[in-house]
Structure formats: structure tokens, C-alpha cells
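User: Please take a close look at a single part of this model. I should like to know how it is placed and what surrounds it.
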Amino acid sequence: MDNPPLLLALDQGTSSSRAVLFDAQGQAVASASAPLNIHYPADGWVEQAPMEIWASQRQAMARLEQTISAEQRQAVVACGITNQRETTVLWRRSDGSPCGPALVWQDGRTADVCAAWKKAGMERDWRTRTGLMLDPYFSASKIHWLLQHHDAASSAAAQGDLCFGTVESWLLWHLSGSKSHCSDMSNASRTLLMDLEQRQWVPAFCDHIGLPTSALPDLVPCRGDFGAIASDCPFAGVPICALLGDQQAATLGQLCLEPGEAKCTYGTGAFLVINTGTEIKRSDAGLLSTLGWTDDQGTPTYCLEGSLFNAGTVVQWLRDGLEIISTADEVNRLALSVENAAGVMLVPAFTGWGTPHWDPQARGLLIGLTRDSRRGHIARAALEGIALSVAGLVRLAEDAIGHGLGELAVDGGAAASDPLLQAQADSTGLQVRRPSQLESTARGVALLAGLQCDVVPDLQVLLPQRQQNTQLFMPRLDLDQRQTWLRRWDDAVSRSLHWHE
């Protein structure tokens with residue numbers, strides 16, 4: 001008897017790469033992962049080695065293939081790729097050799113470049129066309145910096161031998177045996193180089209940063225025929241049918257299919273994404289307009305997004321920096337060892353601040369300490385700092401769409417923390433819904449690949465799953481308590497801004 005079809009999701013994240021198999025209902029069947037190094041050569045600089053990114057993803061694939069049965073391997077019918085967004089890679093078309101490090105989305109070295117562009121009055125046009133801010137977060141200034149500072153990049157550009165790509169493009173290049181140089185519209189919408197309405201590259205913006213248009217990947221829908229995995233790779237021959245940025249994939253994986261439905265992912269950073277349907281919603285308060293996903297014809301679903309650069313990194317800092325916990329899970333026990341944070345607040349601006357301040361010069365702040373402050377108060381303040389940061393995004397999003405969100409779906413590694421999610425409910429006044437399966441990012445791109453290969457007929461039939469095997473966190477604070485807490489938080493955040501100026 002034939003095995004039911006399986007869908008392979010490749011989830012390339014900032015700190016690890018994963019390979020996950022899903023069935024047609026979006027239930028995880030098997031998974032494997034491999035770690036990925038991150039390098040911090042200077043304050044605000046965050047790099048990875050492009051070949052290590054590929055090696056990590058390949059290792060995760062190999063580990064998964066080795067753990068499944070022959071029948072399961074034969075049942076894999078399609079592959080989808082989801083990835084850390086904005087991270088920028090330049091390489092030679094002729095031999096695939098990288099032309100410098102991968103500049104990670106958190107990297108802030110181009111703050112002065114972006115400030116100069118703003119001073120020259122360029123932000124309004126770029127923001128109108130792309131839906132984004134002129135900020136180091138996005139790919140454009142990273143490309144410019146690499147071309148200015150790495151001879152390998154500038155010489156490849158001069159010779160017409162340069163390729164630019166975000167991580168899904170870099171992975172697809174290798175998975176296809178150097179045959180495919182493509183970027184899907186969800187990832188392209190995070191580069192500052194794609195017109196959000198026209199869904200086309202903007203040659204004038206490429207000219208401004210010094211990128212030859214010949215180096216651009218082909219712009220493709222999020223679903224389609226992107227070739228097959230090359231014969232020398234694990235899962236050789238499996239068709240690649242979907243490409244999707246990680247936060248858009250998590251939104252789809254949480255089945256936020258209708259306008260106004262929202263999710264927050266707590267990974268390395270925290271990302272609030274709200275489905276806005278066929279309409280591009282604009283925000284004057286620092287939220288980003290972005291492309292969520294498309295069908296195979298390129299018809300878009302748009303989203304509104306708030307982006308925070310540090311969430312899971314806060315717990316890592318408690319473990320590796322302060323060394324007050326030895327494992328990430330210990331933060332919950334330590335936070336619950338005290339009744340409350342006793343006035344301590346931790347502002348997690350370790351690598352600058354994203355929405356709404358877009359301040360690469362912001363830095364982390366621990367405030368409210370007294371002689372009575374203990375490890376438990378700091379741990380609780382750390383989790384509450386993540387939640388309060390997201391609460392600020394929720395307030396802006398509700399203003400932008402003109403109504404309350406009602407419910408917030410959550411996922412990502414840190415969403416396993418009960419005290420974090422209770423703080424999230426208390427700080428937003430929303431019902432917070434946590435699924436039993438936190439693999440929403442991989443699940444989203446697997447479902448998109450399943451739609452493309454007709455294994456998944458319609459995502460609507462999966463909607464009853466949203467109420468199954470979920471845990472709800474309800475607000476416990478009244479309105480006055482919540483507003484007092486948020487005012488103190490806003491005060492703390494204001495003290496962390498413009499630290500280097």
C-alpha cells in the first residue's frame with residue numbers, strides 16, 4: 001500500500017537550519033536540524049558565512065533523510081523553502097563563490113548610509129514604492145556596503161558576473177545545481193528594491209546602490225515550478241514548489257487567512273504580522289507594508305508587519321552573557337520564582353530598535369534595580385520586556401487597521417514560555433492562542449508547496465485545526481493596570497533610544 005504523500009519544508013533560520021516533513025493536513029511527521037554560527041565582528045555588526053548557511057541546511061536535509069524510512073522517502077512529493085529574510089548574499093555566477101560575508105538582517109553597520117539617504121530626502125519615494133523604511137535592516141544598504149568594501153563583489157559586478165540574493169535565492173542556487181537564480185515576491189518585498197504594487201524590481205533603486213540589474217534574481221511568485229533538487233543533494237529529484245520568507249510562512253502556517261487575523265512569532269526577533277488581504281495598508285507609525293504570499297499567478301495577499309530585532313536573543317543573553325541560567329528552559333522557572341518583576345524592566349534593544357522607532361543606535365537597558373533585585377526579577381523582566389515590546393506593535397497595528405485584533409496567534413521557540421505568553425495577554429488585552437505545534441514557519445511553506453502540487457486542495461478545510469490542541473492565555477489585568485504598566489514601559493524604551501548620539 002502506497003504511503004500518503006509527504007511535503008518537505010526547508011526552514012533556514014538565523015541560528016539553525018531545519019528540515020521537516022509534513023503530511024497533507026500540515027502535521028509534522030519527522031524533522032532534523034543543524035546549528036549555524038553567527039559572527040559579531042564589531043558592535044552592531046552581524047555576519048554569517050554564506051557557505052556555512054548552505055552547509056547547515058544541507059546537513060539538516062541529510063540528517064532527516066537518514067532518519068526516515070524508504071517508504072517515507074518515496075512519498076516526498078514537493079519541497080518548499082522558507083528563510084531568514086533580508087540577510088544579503090553576493091556571489092559569482094560563474095563559480096558560485098561568495099563575494100564577502102552574508103550580512104544578517106540584524107546587522108546595523110549601514111546606519112550612516114541610511115542616515116545620509118534620509119538626509120538627501122530619499123526616504124519618501126523609497127517608502128512609497130516599497131512599503132519599507134530606509135533602515136539597515138533591509139537588503140539595499142547591505143548590498144551597497146558589500147560593493148563598497150569587498151573587492152570580490154565590485155570586481156564581479158564590473159565583469160557582469162555578480163549574483164545578489166536573499167537566503168532563499170542562495171539556497172535555491174545550490175539546490176538546483178546552480179541552474180536557478182530566483183527570488184520570490186515575499187522575500188523580494190524585504191529588499192527595498194521591489195515596487196510593492198507593481199511587484200517588479202525598481203531599476204532606479206538598484207542604480208543608486210550600485211547593483212547591476214543583471215545581478216538581480218528573476219522575480220517569481222511564491223508558488224511555482226522552481227526546478228528539482230539536484231542529484232548530488234539529499235532528497236534528490238524532489239520538485240521545489242514554494243519559496244516564502246519566514247514571517248509570511250508563519251502567518252500562513254497559523255492559517256491567518258482573512259484580513260485582520262494576526263500572529264506573532266518569537267524567534268531570534270519578534271514579528272507581528274497582520275493579514276490585510278488584497279489591500280496594501282499604509283502606516284505612518286513605523287509599521288511596514290509587505291507582501292505576504294501569492295498564488296501561482298502572482299496574485300498577492302498583503303500584510304502589515306511590526307519587526308523587533310531581539311526576542312529569543314534575550315533568553316540567550318541571560319544564559320550566555322549574564323550566566324544566570326544554564327539552559328533556556330530555566331528562564332521560566334526563574335521568572336516564576338518571584339511574584340512580579342518588582343519594578344525591574346529590561347528593554348531588549350541589543351542590536352538597535354525596529355518598529356516603531358527604527359533606531360539602529362538604540363541599545364539594551366536594564367532599569368529599576370534596587371538592592372532587593374534578584375535573578376528572578378531580571379528573568380521575569382526579560383520575558384515581560386519581549387511581551388511589552390510586542391504590545392507596542394499591537395497598539396500601532398490596531399490603529400492602522402481601525403479595529404482591535406481580538407486574538408493573537410503565537411509561535412516560535414520562545415512561545416513555549418507560559419510566563420511570556422501570560423505577559424503578552426496582560427500587556428495587550430488580547431486572547432493569546434498557542435498551537436500544540438510551534439513549527440508554524442516550516443508548516444506554512446509546506447502547505448504552500450502542497451497547494452502547488454495538489455496535495456493540499458484548499459487551506460480553508462484546515463481551519464478547524466486552529467481550535468484543536470491549542471492553549472489560550474487570557475488577560476488578567478484591568479485596563480487601568482495595563483495602561484500604567486505600558487506608560488512605564490514607554491518611559492523605559494525612550495531612555496534606550498539614540499544611545500550613541
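Analyst: In helix α6, Asp151 and Ala158 are exposed, where exposed means over 50% relative accessible area, buried under 20% and partly exposed in between, with a 1.4 Å probe and protein chains only. The model is predicted: local features need pLDDT of at least 70 and side-chain atom pairs count only at pLDDT 80 or more, whereas totals for chains, interfaces and linings use all residues. Residues are numbered from 1 along each chain as its sequence is written, and side-chain values use heavy atoms, leaving out hydrogens and water.

Helix α6 comprises residues 151–158, and Ala153, Ala156 and Ala157 in it are buried. These three lie on the same side of α6, because the arc they cover around the axis is only 100 degrees; the arc is taken from the directions that lead from the helix axis to the C-beta atoms. An α-helix has 3.6 residues a turn, so residues three or four places apart point the same way. Asp151 and Ala158 belong to the other side of α6. Helices (H or I, at least four residues) and strands (E, at least two) are DSSP runs, numbered from the N terminus.

Among the elements that cover the buried residues of α6 are strand β6 (89–92), helix α5 (139–149) and strand β8 (162–165). Just after α6, Gly160 adopts a positive phi of about 70 degrees.

Leu90 links this region to the interior. Neighbours within four places in sequence aside, Leu90 is in contact (heavy atoms within 4.5 Å) with Ala153 of the buried side, and also with Pro98, Cys99, Ile143, Leu146, Leu147, Leu162, Cys163 and Phe164. Leu90 is also one of the residues with the most contacts inside the largest nonpolar core, together with Trp126, Leu162, Leu193 and Leu211; that core has 73 residues. A nonpolar core is a set of buried Ala, Val, Leu, Ile, Met, Phe, Trp, Tyr and Cys residues joined through side-chain atoms within 4.5 Å. The element that gives the most to this core is helix α15 (residues 440–452), with 7 residues. Another core, of 60 residues, lies apart from it and includes Val331, Ala379, Ala415 and Leu421.
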